[in-house]
Amino acid sequence: MTFGLAEVEAAAARIAGRVHRTPVFHSRLLDRELGCQVLLKGEHLQRIGAFKARGAFNALLALDPAVRARGVITVSSGNHAQAVALAAAETGSHAVVVMPADASPAKLAATRGYGAEVICDGVTPANREQFVHRLAAERGLRLVHPFDDFDVMAGQGTAALELLDEVGDLDLVLAPVGGGGLISGTAAAVKGRSPSTRVVGVEPAGAADARDSLAAGRLVALPEPPQTIADGVRTLRLGERDFAVIRRLVDEIVTVSDDQLRAALALAWSRTKQLIEPTAALPLAALLTGAVGGTAGQRVGVILSGGNLDTAALAATPALPGSKEAAKEEGGP
C-alpha cells in the first residue's frame, strides 16, 4: 500500500468531529531556554488524554460496518487501549483489550470505564503480541494494532497536519517514537506538505530500537522490555509498516537518557504549565540536550503526545531535576 499525505488527509476528513482539534502552545521563556521557536501541539488535551484517539477512530471508522459490529481487539499498555475502547463505544462496536498485568492501574481502570473487556491474566510484555493474535483468531475479532496498521498511522498523522495548517511552514518537526505509528504518520503529513522540513524521532536511550533499526537498515528488536520512565514507548520493536515509512521519510532518530528526560519534563511543566506525561517530553529533551542539532533560530514543531500521568505516583516522586523543589533540596534559593 502507498502511504503518504493523501492517506493522512483522508483520515482527517473521516475523524472530523470525533476528536478534538487540539491547541498549539508557544512560550517565549521556553524559546529562550532552547534557542529556537518551539510550537507545541497539545495532544495531551486530546480525547483520552493522548494522540492515540486519532488513530483508533480512523481505524474503526474505516472498517466495513458489519466487521466493526462484530467487535475489535487490540493490545496496549495504556493510551491506545483507552482510545480503542472509546472509539468502539461510539461507533457501534465492542472492544476487547489485552493489557499486561503490570500496566498502569489508572489506565486499566480508564479502559474498563470506556466499556472494554480487559484481559490481563497470563499477559506479559514479552508474549502480548502472540497472545492478542491467538485471541483474535479464536473470537473472530478484527485486530486494531496500536501502531503496525496503516489506518492507525494515518490517524496519528492528523495531529501534524493540524499543526501545519495552523502555524505554516516549519524547519523541523519532532515526535516521540515507540512502535512508530506517530512518527510515521507525522512524517507522511509533514513531508507531503513540505519536503524540506526535517522530521526527527526521539526515543529513550534504553529503548533505542528505532535508532538502531534505521542505522542497520533492518528491524532491530530489543531483547527485553525497556526500563524507562517514558511508559508510552516501552515497545520491543517498530512495526513493519511503520519502519518502511520511517526509512523513506524520517531524517533521523535521536535518543535521550531518563535523567535528561526528567529535566525536560520539569522545564515543560514550569514554562508551559501544561501537565504532560514523560513520553511527551522526549522531543523537548532532544532540544534541551542538543541531541538534535542545527536548531538555533529555527521554527520547530513538537507533538506533545499525551498527558496521562499517574498523579498519585507523581505526588510521591522525589523532586525532578531543574525544579524549584530540587533547588531547595540541593541548598539553592
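The following paragraphs describe the nonpolar cores, one helix pair and three individual residues of a predicted model.

The largest nonpolar core is a suitable starting point. It comprises 35 residues, of which Phe3, Leu170, Ile183 and Val250 touch the most other members. At least two residues of this core come from each of α1 (5-15), α8 (150-167), β7 (172-176), α9 (181-193) and α11 (240-249). The largest share, 8 residues, is supplied by α8. Apart from this core lies another, of 32 residues, which includes Leu30, Leu284, Ala285 and Val300. In soluble globular proteins, nonpolar side chains tend to be buried together.

Phe3 shows how parts of the chain meet in the largest core. Once neighbours within four places in sequence are set aside, Phe3 is in contact with Phe150, Met153 and Ala154, with Ser184, Gly185 and Ala188, and with Val245 and Arg248.

Two of the contributing helices, α8 and α9, also pack against each other. Their axes are 7 Å apart and form an angle of about 45°. Because angles under 35 degrees count as roughly parallel and those from 65 to 115 as roughly perpendicular, α8 and α9 are classed as oblique to each other. The crossing of α8 past α9 is right-handed. On the α8 side, the contact is made by Met153, Gln156, Gly157, Ala160, Leu161, Leu164 and Asp165. On the α9 side, Gly181, Leu182, Ser184, Gly185, Thr186, Ala189, Val190 and Arg193 take part. Sorted by class, the contact contains 7 nonpolar, 6 polar and 2 charged residues.

Leu39 belongs to strand β2 (residues 37-42). Its relative accessibility is 7%, and since buried means under 20%, Leu39 counts as buried. Beyond its neighbours within four places in sequence, Leu39 is in contact with Val24, Phe25 and His26, with Leu163, Val167 and Leu170, and with Arg299, Val300, Gly301 and Val302. Two of these partners have been named above: Leu170 in the largest core and Val300 in the other core. The C-alpha atom of Leu39 is separated by 29 Å from that of Gln227, a residue 188 places away along the chain.

Finally, two loop residues merit attention for their backbone geometry. Most residues other than glycine have a negative phi. Ile48, however, has a positive phi near 60°, and Lys273 has a positive phi of about 65°. Ile48 lies in the loop between β2 and α3 (52-61), whereas Lys273 is placed in the loop between α12 (258-272) and α13 (282-289). With a relative accessibility of 8%, Ile48 counts as buried; Lys273, at 66% relative accessible area, is exposed.

Terms used
Residues numbered from 1 in each chain as written. Predicted model: local features only at pLDDT ≥ 70, side-chain atom pairs only at ≥ 80, totals over all residues. Heavy atoms only, no water. Core = buried A, V, L, I, M, F, W, Y, C linked by side-chain atoms within 4.5 Å. Buried < 20%, exposed > 50% of the residue type's maximum accessible area, 1.4 Å probe, protein only. Helix = DSSP H or I, 4+ residues; strand = E, 2+ residues; numbered from the N terminus. Contact = heavy atoms within 4.5 Å. Axes fitted to C-alpha atoms, helices over the stretch in contact; angles between N-to-C directions. Parallel < 35°, antiparallel > 145°, perpendicular 65-115°, else oblique. Left-handed = near helix turned anticlockwise from the far one by under 90°. Nonpolar A, V, L, I, M, F, W, Y, C, P; charged D, E, K, R; others polar.
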